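Trainee: I would like to learn how to read a structure that is new to me. Could we take it feature by feature?

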Amino acid sequence: MLNQAVKAAITAVGSYVPKETLTNQDLERMVDTSDEWIQSRTGIVQRHIAKNPLHPTSYLAIEAAKNLIQKKNVDPSSIDLVLVATITPDMNIAATAPYVATQIGASNAFAFDLQAACSGFLYGMSVASAYIRSGQYKKILLIGADKMSSIVDYSDRKTCVIFGDGAGAVLMEKSTNGFGYENDFLRSDGSGREFLYMKSGGSLHPINATTFAEGGHYLKQEGRTVFKYAVQNMSLAAKEVMKKNNLTSESIDYLVPHQANQRILEATRKNIGIEDKKVLMNIQKYGNTTAATLPLVLADYESTFKAGDKILFAAFGGGFTWGAAYLTWNYDQST
Ligand code: COA
């Protein structure tokens, strides 16, 4: 049984995006597209891309973790668990999280990867919250990190305009002021895996010359279908969480949605009935960074949040996976 009196809170945030950018104008030179099309269909203006081959996902995750550690003066040896949500691990085996933990000096932690695509960070908050509420572990470093440029086909205009690289990290520990992760509504539907996937490299389609020639190592998606399910399911999950917590669109301070596509967010916002100004967005700068979008939003808006702010999260991703969560923000950045 979880202890209902104990809550897990986000007590620190960190982030990292590579310096190099890939603008819509750059993409105009690579595929048959236009800045006008990309902005009007997705809201994206640029993405950050880790061009350095020595900077895989672990590098992004380590930099985000270091940023958090330095900002809040966290002792890495006090961390119990390092959880890395990603679909672009450095390698399929070994997992990325243990390497990240070792590199940041989390010498007393165990570590594992969590694969739930664009819902990875949301699922990760739920896992971290449950561990903390159970009393089993005290300090969890949750990182959402993806180097999407490593699996994007830059000759496929339907996917390459959307994705970017980045990482965000949060520290979750026991709340001391009553604010923190309240609850969530999480779901999945495996029949959706035919609409968003990377075919080869797993046990179903091991890489060989044929899968390579077919481009099976690239991310593929049926954009229109993903779009429809994303709006439908993020809206439904958000409404479930609002009902569970007696929240109204007026009482919610911020909606932090997965940064999939500005039109997906706009349609979801309308379905939930939340005011435009409460929807936090940074997709224009980063594109869709998969597991990193939610913590990158938290990092960008950290100075705006006040202790007690009511934040509703919503995400949807490959699998399909989706959900929503309710969190009351734990601290003012200035204090
Ligand atoms: N530039 C110019 N034209 C493009 C284009 C691009 N980058 N990408 C697609 N098009 C074209 C298509 O070929 C199609 O042309 P056609 O009608 O001649 O066949 C037309 O634009 C419309 O394509 P469609 O796929 O219906 O566009 P869309 O409005 O659905 O936008 C996405 C495409 C991918 C931006 C959109 O579907 C989307 O964002 N889906 C969700 C993706 C996502 O979030 N994935 C991550 C998991 S959450």
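**One serine, the ligand and two domains**

Mentor: Let us begin with contacts: leaving aside its neighbours within four places in sequence, Ser 200 is in contact with His 205, Ile 207, Thr 211, Gly 216 and His 217. Please keep in mind throughout that this is a predicted model.

Trainee: Where along the chain does Ser 200 lie?

Mentor: To place a residue, look for the elements on either side of it. Ser 200 lies in a loop, with β9 (196-198) before it and α7 (209-213) after it.

Trainee: Is Ser 200 buried or exposed?

Mentor: Here one compares the relative accessible area with a cut-off, and buried means under 20%. Ser 200 has a relative accessible area of 5%, and therefore counts as buried.

Trainee: Which backbone atom lies 3.3 Å from a polar atom of the side chain of Ser 200?

Mentor: It is the backbone nitrogen of His 217, and His 217 is also one of the residues listed as being in contact with Ser 200.

Trainee: Let us turn to the ligand. How many residues surround the ligand, and which are the closest?

Mentor: The shell around the ligand is made of 24 residues, of which the closest are Thr 33, Arg 41, Gln 221, Arg 224 and Asn 261. By character, the residues of this shell divide into 11 nonpolar, 7 polar and 6 charged.

Trainee: What distances should I look at between side chains and the ligand?

Mentor: Look for pairs of N or O atoms. A nitrogen atom of the ligand is 2.7 Å from such an atom in the side chain of Thr 33, while an oxygen atom of the ligand is 2.6 Å from an N or O atom in the side chain of Asn 261. For the side chain of Arg 263, the distance from an N or O atom to an oxygen atom of the ligand is 2.9 Å. As for cover, the ligand taken alone exposes 950 Å², and the protein buries 79% of that.

Trainee: Which elements give two or more residues to the shell around the ligand?

Mentor: They are α2 (35-42), α6 (157-160), α8 (223-244) and α9 (262-272), and the largest share, 4 residues, comes from α8.

Trainee: How does the ligand relate to the domains?

Mentor: The domain assignment of the chain gives domain 1 (8-174) and domain 2 (181-328), and the shell around the ligand draws at least three residues from each of them. Between the two domains, 51 residues of domain 1 are in contact with 44 residues of domain 2, and the centres, taken over C-alpha atoms, are separated by 14 Å.

Note on methods
Residues numbered from 1 in each chain as written. Predicted model: local features only at pLDDT ≥ 70, side-chain atom pairs only at ≥ 80, totals over all residues. Heavy atoms only, no water. Buried < 20%, exposed > 50% of the residue type's maximum accessible area, 1.4 Å probe, protein only. Polar contact = N/O pair within 3.5 Å; in protein donor to acceptor, adjacent residues only side chain to side chain. Contact = heavy atoms within 4.5 Å. Near = heavy atom within 4 Å. Areas by Shrake-Rupley, 256 points an atom, 1.4 Å probe, with all protein chains shown as cover. Nonpolar A, V, L, I, M, F, W, Y, C, P; charged D, E, K, R; others polar. Domains from an automatic or database assignment.
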